[in-house]
Amino acid sequence: MTQASPCPKPSAKREVILDAARVVFLEVGYAAASMDSVAARAGVSKATSYAHFSSKDQLFAAMIRRRCDRNSTFAPVDPALDARATLSVVGQRVLDLLLLPDTLAMFRVVVAESARQPDLAQAFYASGPGAGRAEIAQVIADLTARGAIRADDPARLADLFIGMLRTDLFMRTLLGLAQPTEAERAEAVAAAVDTLLAACGVPNAATP
(Lines give C-alpha, C1' and ligand atoms only; values in the text may rest on other atoms or scores of the structure.)
Protein backbone atom coordinates (compact mmCIF):
# COMPACT_ATOMS: atom_id res chain seq x y z
CA MET A 1 0.00 0.00 0.00
CA THR A 2 1.42 3.36 -1.08
CA GLN A 3 1.91 5.86 1.69
CA ALA A 4 0.13 9.13 1.12
CA SER A 5 2.26 12.22 0.69
CA PRO A 6 2.40 14.32 3.83
CA CYS A 7 0.20 17.40 3.86
CA PRO A 8 2.00 20.75 3.69
CA LYS A 9 2.72 22.25 7.05
CA PRO A 10 0.36 25.05 8.08
CA SER A 11 3.22 27.55 7.78
CA ALA A 12 3.82 26.41 4.20
CA LYS A 13 0.15 26.89 3.35
CA ARG A 14 0.28 30.33 4.90
CA GLU A 15 3.14 31.26 2.58
CA VAL A 16 1.23 29.94 -0.42
CA ILE A 17 -1.80 32.04 0.54
CA LEU A 18 0.35 35.14 0.95
CA ASP A 19 1.99 34.54 -2.44
CA ALA A 20 -1.45 34.27 -4.03
CA ALA A 21 -2.70 37.36 -2.19
CA ARG A 22 0.13 39.46 -3.58
CA VAL A 23 -0.74 38.43 -7.13
CA VAL A 24 -4.48 38.99 -6.69
CA PHE A 25 -4.17 42.36 -4.95
CA LEU A 26 -1.82 43.69 -7.61
CA GLU A 27 -3.88 42.29 -10.48
CA VAL A 28 -7.35 43.49 -9.50
CA GLY A 29 -6.83 45.94 -6.64
CA TYR A 30 -7.91 45.68 -3.04
CA ALA A 31 -11.62 46.36 -3.57
CA ALA A 32 -12.09 43.68 -6.22
CA ALA A 33 -9.99 41.08 -4.44
CA SER A 34 -11.71 38.57 -2.18
CA MET A 35 -10.80 35.77 0.15
CA ASP A 36 -12.42 33.40 -2.37
CA SER A 37 -10.26 34.64 -5.25
CA VAL A 38 -7.10 34.42 -3.14
CA ALA A 39 -8.00 30.89 -2.00
CA ALA A 40 -8.63 29.86 -5.60
CA ARG A 41 -5.33 31.28 -6.75
CA ALA A 42 -3.54 29.56 -3.86
CA GLY A 43 -5.24 26.25 -4.55
CA VAL A 44 -6.65 25.98 -1.03
CA SER A 45 -10.14 26.02 0.40
CA LYS A 46 -11.78 29.18 1.67
CA ALA A 47 -11.87 27.58 5.11
CA THR A 48 -8.11 27.11 4.98
CA SER A 49 -7.64 30.78 4.10
CA TYR A 50 -9.79 31.86 7.02
CA ALA A 51 -7.93 29.50 9.33
CA HIS A 52 -4.83 31.59 8.71
CA PHE A 53 -6.35 35.04 8.15
CA SER A 54 -9.63 36.18 9.66
CA SER A 55 -10.28 38.92 7.08
CA LYS A 56 -9.07 40.46 3.88
CA ASP A 57 -7.65 43.38 5.89
CA GLN A 58 -5.59 41.01 8.03
CA LEU A 59 -4.40 39.16 4.94
CA PHE A 60 -3.29 42.38 3.27
CA ALA A 61 -1.47 43.57 6.40
CA ALA A 62 0.31 40.20 6.72
CA MET A 63 1.35 40.37 3.09
CA ILE A 64 2.86 43.83 3.61
CA ARG A 65 4.63 42.76 6.79
CA ARG A 66 6.14 39.73 5.08
CA ARG A 67 7.36 41.87 2.21
CA CYS A 68 9.05 44.22 4.66
CA ASP A 69 10.58 41.36 6.64
CA ARG A 70 12.05 39.86 3.49
CA ASN A 71 13.40 43.15 2.22
CA SER A 72 17.12 43.73 2.71
CA THR A 73 16.81 47.52 2.64
CA PHE A 74 17.32 47.82 6.38
CA ALA A 75 19.79 45.02 6.88
CA PRO A 76 22.62 46.03 9.23
CA VAL A 77 25.26 48.31 7.74
CA ASP A 78 28.95 47.68 8.44
CA PRO A 79 29.63 49.61 11.69
CA ALA A 80 33.15 50.36 10.48
CA LEU A 81 31.78 52.71 7.82
CA ASP A 82 31.83 56.43 8.51
CA ALA A 83 28.68 58.56 8.54
CA ARG A 84 28.82 59.49 4.86
CA ALA A 85 29.32 55.91 3.71
CA THR A 86 26.63 54.60 6.08
CA LEU A 87 24.06 57.13 4.93
CA SER A 88 24.99 56.54 1.29
CA VAL A 89 24.38 52.80 1.64
CA VAL A 90 21.06 53.34 3.40
CA GLY A 91 20.03 56.07 0.97
CA GLN A 92 20.73 53.91 -2.08
CA ARG A 93 18.79 51.01 -0.59
CA VAL A 94 15.81 53.24 0.24
CA LEU A 95 15.69 54.87 -3.20
CA ASP A 96 15.96 51.49 -4.94
CA LEU A 97 13.08 50.22 -2.81
CA LEU A 98 10.92 53.26 -3.56
CA LEU A 99 11.40 52.81 -7.29
CA LEU A 100 10.75 49.06 -7.44
CA PRO A 101 7.77 48.23 -9.69
CA ASP A 102 6.30 46.07 -6.91
CA THR A 103 6.55 48.93 -4.41
CA LEU A 104 4.89 51.35 -6.80
CA ALA A 105 2.13 48.90 -7.66
CA MET A 106 1.32 48.31 -3.99
CA PHE A 107 1.42 52.05 -3.32
CA ARG A 108 -1.17 52.62 -6.06
CA VAL A 109 -3.44 49.94 -4.60
CA VAL A 110 -3.33 51.48 -1.13
CA VAL A 111 -3.82 55.06 -2.32
CA ALA A 112 -6.81 54.01 -4.42
CA GLU A 113 -8.47 52.44 -1.38
CA SER A 114 -7.27 54.68 1.46
CA ALA A 115 -10.34 56.95 1.56
CA ARG A 116 -12.73 53.97 1.79
CA GLN A 117 -10.44 51.76 3.86
CA PRO A 118 -8.51 53.88 6.40
CA ASP A 119 -7.58 50.72 8.33
CA LEU A 120 -5.93 49.39 5.19
CA ALA A 121 -3.91 52.58 4.83
CA GLN A 122 -2.89 52.39 8.48
CA ALA A 123 -1.79 48.76 8.13
CA PHE A 124 0.25 49.62 5.06
CA TYR A 125 1.88 52.61 6.72
CA ALA A 126 2.70 50.79 9.94
CA SER A 127 4.21 47.77 8.18
CA GLY A 128 5.90 49.70 5.37
CA PRO A 129 6.76 53.42 5.43
CA GLY A 130 6.37 53.74 9.19
CA ALA A 131 8.66 50.81 9.89
CA GLY A 132 11.19 52.12 7.38
CA ARG A 133 11.16 55.57 8.98
CA ALA A 134 11.86 54.01 12.36
CA GLU A 135 14.77 52.00 10.96
CA ILE A 136 16.37 55.08 9.40
CA ALA A 137 15.86 57.03 12.61
CA GLN A 138 17.70 54.25 14.45
CA VAL A 139 20.63 54.45 12.00
CA ILE A 140 20.82 58.20 12.62
CA ALA A 141 20.58 57.70 16.39
CA ASP A 142 23.39 55.13 16.25
CA LEU A 143 25.60 57.52 14.27
CA THR A 144 24.86 60.22 16.84
CA ALA A 145 25.77 57.89 19.70
CA ARG A 146 29.08 57.17 17.98
CA GLY A 147 29.77 60.90 17.67
CA ALA A 148 29.76 60.67 13.87
CA ILE A 149 26.94 63.21 13.47
CA ARG A 150 24.86 65.48 15.67
CA ALA A 151 21.10 64.90 15.60
CA ASP A 152 18.77 66.15 18.33
CA ASP A 153 15.72 64.51 16.71
CA PRO A 154 16.62 61.37 14.70
CA ALA A 155 13.00 60.74 13.70
CA ARG A 156 12.62 64.22 12.25
CA LEU A 157 15.92 63.90 10.43
CA ALA A 158 14.80 60.54 9.03
CA ASP A 159 11.68 62.22 7.61
CA LEU A 160 13.79 64.87 5.91
CA PHE A 161 16.24 62.29 4.55
CA ILE A 162 13.46 60.18 3.02
CA GLY A 163 11.87 63.28 1.50
CA MET A 164 15.16 64.30 -0.11
CA LEU A 165 15.64 60.81 -1.50
CA ARG A 166 12.23 60.72 -3.14
CA THR A 167 12.74 63.98 -5.07
CA ASP A 168 11.12 64.05 -8.51
CA LEU A 169 12.34 60.56 -9.34
CA PHE A 170 9.63 58.83 -7.31
CA MET A 171 6.79 60.85 -8.84
CA ARG A 172 8.05 60.35 -12.39
CA THR A 173 8.37 56.62 -11.88
CA LEU A 174 5.02 56.37 -10.09
CA LEU A 175 3.32 58.04 -13.07
CA GLY A 176 5.09 55.82 -15.57
CA LEU A 177 7.06 58.69 -17.12
CA ALA A 178 10.75 58.68 -18.05
CA GLN A 179 12.55 56.24 -15.79
CA PRO A 180 15.51 57.59 -13.80
CA THR A 181 18.96 56.58 -14.90
CA GLU A 182 21.55 55.07 -12.58
CA ALA A 183 23.38 58.40 -12.67
CA GLU A 184 20.25 60.26 -11.56
CA ARG A 185 19.75 57.81 -8.71
CA ALA A 186 23.34 58.21 -7.57
CA GLU A 187 23.09 62.00 -7.78
CA ALA A 188 19.88 62.00 -5.72
CA VAL A 189 21.48 59.90 -2.98
CA ALA A 190 24.65 61.98 -2.91
CA ALA A 191 22.68 65.23 -2.69
CA ALA A 192 20.51 63.88 0.15
CA VAL A 193 23.55 62.69 2.11
CA ASP A 194 25.43 65.97 1.55
CA THR A 195 22.45 68.00 2.72
CA LEU A 196 21.83 65.87 5.80
CA LEU A 197 25.46 65.99 6.86
CA ALA A 198 25.59 69.74 6.28
CA ALA A 199 22.50 70.15 8.48
CA CYS A 200 24.20 68.09 11.18
CA GLY A 201 27.24 70.36 11.04
CA VAL A 202 29.63 67.62 9.91
CA PRO A 203 29.74 67.59 6.08
CA ASN A 204 32.82 65.36 6.13
CA ALA A 205 31.74 63.17 9.02
CA ALA A 206 33.79 60.11 9.84
CA THR A 207 33.76 57.71 12.71
CA PRO A 208 36.29 58.41 15.48
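This passage walks through a predicted model, from its confidence to its ring pairs, one helix and one loop arginine.

Confidence first. The mean pLDDT of the protein comes out at 85, and 90% of the residues score at least 70. The N-terminal stretch is another matter: over residues 1–10 the pLDDT stays under 50, and the model has two contacts beyond four places in sequence for this segment.

Turning to the rings, the structure holds four aromatic pairs. One of these joins phenylalanine 25 and tyrosine 30 in a stacked arrangement, with 5.6 Å from centre to centre and 10° between the planes. Phenylalanine 25 has a relative accessible area of 0%, so this residue counts as buried. Tyrosine 30 is likewise buried, because its relative accessible area is 3%, under the 20% cut-off. Tyrosine 30 also pairs with phenylalanine 60, this time edge-to-face, at 5.6 Å centre to centre and with 85° between the planes. That second pair ties together distant parts of the chain, since tyrosine 30 belongs to helix 1 (residues 10–32) and phenylalanine 60 to helix 4 (residues 56–70), 30 residues apart. With a relative accessible area of 0%, phenylalanine 60 is buried too. Taken together, ring pairs connect Phe25, Tyr30 and Phe60 into a cluster. A charged residue joins the picture here: lysine 56 sits over the face of tyrosine 30, 4.3 Å from the ring centre. Elsewhere, arginine 166 lies over the face of phenylalanine 170, with 4.2 Å to the ring centre.

Helix 6 passes a simple length check. Its 13 residues (101–113), at 1.5 Å a residue, should span 18 Å, and the end C-alpha atoms are 19 Å apart, so the two values agree. Several of the residues in helix 6 are buried, namely Asp102, Thr103, Leu104, Met106, Val109, Val110 and Glu113. As background to such a list, an α-helix has 3.6 residues a turn, so residues three or four places apart point the same way.

Finally, there is arginine 150, found in the loop that runs between helix 8 (129–145) and helix 9 (154–174). Its relative accessibility is 56%, over the 50% cut-off, so arginine 150 counts as exposed. The side chain of arginine 150 nevertheless has a partner, reaching the backbone oxygen of cysteine 200 at 3.5 Å. The neighbourhood also shows up in the backbone: the C-alpha atoms of arginine 150 and alanine 199 are separated by 8.9 Å, although these residues are 49 apart along the chain.

Terms used
Residues are numbered from 1 along each chain as its sequence is written. This is a predicted model: local features need pLDDT of at least 70, side-chain atom pairs count only at pLDDT 80 or more; totals for chains, interfaces and linings use all residues. Side-chain values use heavy atoms; hydrogens and water are left out. pLDDT is the predictor's confidence in each residue, from 0 to 100. Contact means heavy atoms within 4.5 Å. Helices (H or I, at least four residues) and strands (E, at least two) are DSSP runs, numbered from the N terminus. The expected span of a helix is 1.5 Å times one less than its number of residues. Buried means under 20% relative accessible area, exposed over 50%, partly exposed in between (1.4 Å probe, protein chains only). A polar contact is a pair of N or O atoms within 3.5 Å; within protein, one must be able to donate a hydrogen and the other to accept it, and residues adjacent in sequence count only if both atoms are side-chain atoms. Rings of Phe, Tyr and Trp (its six-membered ring) pair if their centres lie within 6.5 Å; planes under 30 degrees apart count as stacked, over 60 as edge-to-face and the rest as tilted. A charge sits over a ring if NZ of Lys or CZ of Arg is within 6 Å of the ring centre and within 35 degrees of the ring normal.
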